[in-house]
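Welcome! Have the viewer ready and work through the exercises below at your own pace.

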Amino acid sequence: MKRDLVIIGGGPAGLAAAVSARKEGLEDILIIERDTRLGGILNQCIHNGFGLHTFKEELTGPEYAARYITQVEDEKIPYLLDTMVVDISYDESTGDKKVTAMNSRDGLFTIDARSVILAMGCRERPRGALNIPGYRPAGIYSAGTAQYYVNMEGRMPGKKVVILGSGDIGLIMARRMTYEGARVLCVAELQPYSGGLKRNIVQCLDDFGIPLLLSHTVVDIMGKRRVEGVTIAEVDENRKPIPGTEVFYECDTLLLSCGLIPENELSNKLGVRMNPVTGGAVVNESLETSIPGVYACGNVLHVHDLVDYVSGEASEAGKNAVRFLKSEDAAEDDGDVINIRTENGVRYTVPSTVRISKMPDTLTVRFRVGNEYRDKNLAVYLDGKQLMKLPKRVMAPGEMEQIILVKSKAQEIISGAENREHELVIRVEDKE
Amino acid sequence: MEIRELTCIRCPIGCHITVEMENGEVKSITGNSCPRGEEYASSEVTHPERTVTSLVRLKGGERPVVSVKTDGNVPKEKMMDVVKALKDIELDAPVRIGDVACEDIAGCGVRVVVTSNVG
């Protein structure tokens with residue numbers, strides 16, 4: 001089988017990328033999804049708050065997904081369900097990409113793909129990655145797994161619940177479990193700030209009187225067959241538990257909402273350059289990885305806070321893949337390149353390099369900060385010259401930030417330079 | 001004089017707003033940095049409302065439950081009544097987004113609609 005564009009993953013990123021590629025006139029597209037339905041994680045996110053940017057209305061997760069699934073169906077974009085991609089390979093001499101997948105109908109098969117969009121999403125950080133001491137009884141779930149049991153299968157994972165980590169899924173599950181009759185005793189967060197959106201803290205915890213314990217963590221799990229309780233202690237500024245602050249909470253369930261990790265096993269095997277900060281691929285202004293014709297978007301690239309931004313990013317990836325296929329992308333590539341460096345509170349950016357010749361008139365650069373900042377400036381320098389200085393009332397690790405780079409402004413600054421390699425620095429600064 | 005402390009959720013700044021109340025009436029709102037915060041605080045202390053999203057049971061479907069939402073806000077204090085009333089509802093598969101699961105939930109005068117397509 002040969003395909004112009006193979007999209008790995010049929011969640012919000014894959015769907016938006018497919019719809020956008022079709023709108024750019026591409027006929028030959030295939031979406032490969034391992035689940036039994038399209039829509040990805042949105043199917044189990046039955047709460048509302050999705051789509052405020054994209055559709056200017058508040059939708060639930062399944063409704064948001066359905067908007068894109070309907071477009072995929074209307075456009076007759078082919079997709080394979082219950083199909084797992086097991087390998088993507090790249091032949092440097094020919095530029096060929098081979099996608100190997102399997103399902104119970106066709107067995108193992110290979111697709112020759114002229115271009116690939118990586119849209120595999122992310123996975124929750126499991127208990128094994130958290131180093132929590134104690135027994136390993138039943139009753140410990142990642143928040144998303146509990147969400148699947150409750151919202152998709154109609155089953156309750158437990159009755160008396162402690163949640164570790166204040167990521168959005170954990171906060172959402174605090175309300176969900178309360179609705180379904182469970183008692184949520186508290187949410188413990190290791191950091192001195194919450195990892196989730198403010199509106200979720202207010203509407204999922206405050207509304208139900210569920211305490212959020214900042215700078216606290218689980219230091220012991222009791223129970224041999226089933227969770228019988230957890231011990232929570234306060235931590236110091238080095239995140240070390242403070243002796244004497246331990247409190248025992250009797251409970252039958254511990255939910256973990258301690259961060260998301262992009263699911264990049266395929267990208268690693270393929271050999272694309274990775275960013276150790278995001279756990280996703282390194283991409284340029286076109287969201288293209290270090291392998292030509294292979295793009296990445298959505299949570300597999302970097303974990304987003306709002307699905308609206310995933311859709312926007314994925315649409316760009318879809319568009320750029322079509323430009324690549326039409327060879328519009330093949331124009332001279334030896335022009336000026338901007339490498340983006342982050343420092344002083346800015347953890348990473350997507351993209352991390354910008355080829356001026358391929359840069360659109362305005363380019364959105366997304367990033368996250370590593371701490372909670374109030375009343376600071378966000379400063380951007382290009383080749384040492386200040387490009388912008390944005391006053392920021394508040395920036396928090398839980399919420400994604402962005403700046404818009406204007407091509408003409410960047411060109412003005414670099415036009416006189418002899419060097420073709422330029423440096424853009426983004427940093428948090430004190431106000432004078 | 002009653003004092004209510006709120007975190008504004010209209011934008012990511014999350015202003016800490018203090019509302020002074022007397023006999024159920026707002027006397028002063030401080031701590032907000034924009035008019036939206038004032039509006040939020042005033043409605044939040046006088047008639048707080050929420051959209052409820054939950055599940056109802058589904059008969060003969062590919063899943064035993066289907067997601068629903070109130071088609072509009074309900075008073076915040078009625079949230080748990082709404083959730084309880086949803087437990088008595090069972091729909092027959094297939095269901096489509098927008099199907100009405102209940103015309104008036106828990107006496108709030110608000111409909112409940114299906115939010116997933118389930119065969």
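The exercises go from whole chains to packed helices and then to single residues.

This is a predicted model, in which local features need pLDDT of at least 70 and side-chain atom pairs count only at pLDDT 80 or more, while totals for chains, interfaces and linings use all residues. Residues are numbered from 1 along each chain as its sequence is written, chains are lettered from A and ligands numbered from 1 in the order in which they are written, and side-chain values use heavy atoms, with hydrogens and water left out.

**Exercise 1. Describe the make-up and spread of chain A.**

Step 1: Count the elements. Chain A has 8 helices and 27 strands; helices (H or I, at least four residues) and strands (E, at least two) are DSSP runs, numbered from the N terminus.

Step 2: Compare the radius of gyration with the rule. For chain A it is 23 Å, close to the 22 Å that the globule rule gives for 432 residues, so the chain is as compact as a globular protein of that length. This radius is taken over C-alpha atoms, and the globule rule is 2.2 Å times the number of residues to the power 0.38.

Step 3: Add the extent. The C-alpha trace of chain A spans about 65 × 65 × 40 Å along its principal axes.

**Exercise 2. Do the same for chain B, and locate its domains.**

Step 1: Chain B contains 2 helices and 10 strands, in the order β-β-β-α-β-β-β-β-α-β-β-β along the sequence.

Step 2: Its radius of gyration is 18 Å, well over the 14 Å that the globule rule gives for 119 residues, so chain B is more spread out than a compact globule. Its C-alpha atoms fill a box of roughly 55 × 30 × 15 Å along the principal axes.

Step 3: Chain B is divided into domain 1 (2–47) and domain 2 (53–114), with bounds from an automatic or database domain assignment. The C-alpha centres of these two domains of chain B lie 31 Å apart.

**Exercise 3. Work out how H4(A) packs against H5(A).**

Step 1: Two packed helices are described by the angle between their axes and the distance between the axes. Axes are lines fitted to C-alpha atoms, for helices over the stretch in contact, and angles run from 0 to 180 degrees between N-to-C directions.

Step 2: The axes of H4 (residues 168–179) and H5 (residues 198–205) of chain A come within 8 Å and cross at roughly 20 degrees. H4(A) and H5(A) are therefore roughly parallel to each other (angles under 35 degrees count as roughly parallel, over 145 as roughly antiparallel, 65 to 115 as roughly perpendicular and the rest as oblique).

Step 3: Look at the residues that meet (contact means heavy atoms within 4.5 Å). Among them are Leu171(A) and Ile172(A) in H4(A), and Ile201(A) and Leu205(A) in H5(A).

**Exercise 4. Find the angle and axis distance for H3(A) and H4(A).**

Step 1: H3 (residues 143–153) of chain A packs on H4(A) at an angle of about 35 degrees, with the axes 9 Å apart.

Step 2: The residues that meet include Ala146(A) and Val150(A) in H3(A), and Ile169(A) and Met173(A) in H4(A).

**Exercise 5. Place the cis peptide bonds at Pro351(A) and Pro94(B), and the positive phi of Lys76(A).**

Step 1: The bond from Val350(A) to Pro351(A) is cis, with omega near 0 degrees. Pro351(A) sits in the loop between strands E21 (346–350) and E22 (353–355) of chain A.

Step 2: Ala93(B) and Pro94(B) are joined by a cis peptide bond with omega about 0 degrees. Pro94(B) lies in the loop between strands E8 (90–92) and E9 (100–102) of chain B.

Step 3: Lys76(A) is not a glycine, yet has a positive phi of about 55 degrees. Look for Lys76(A) in the loop between helix H2 (61–74) and strand E5 (79–80) of chain A.
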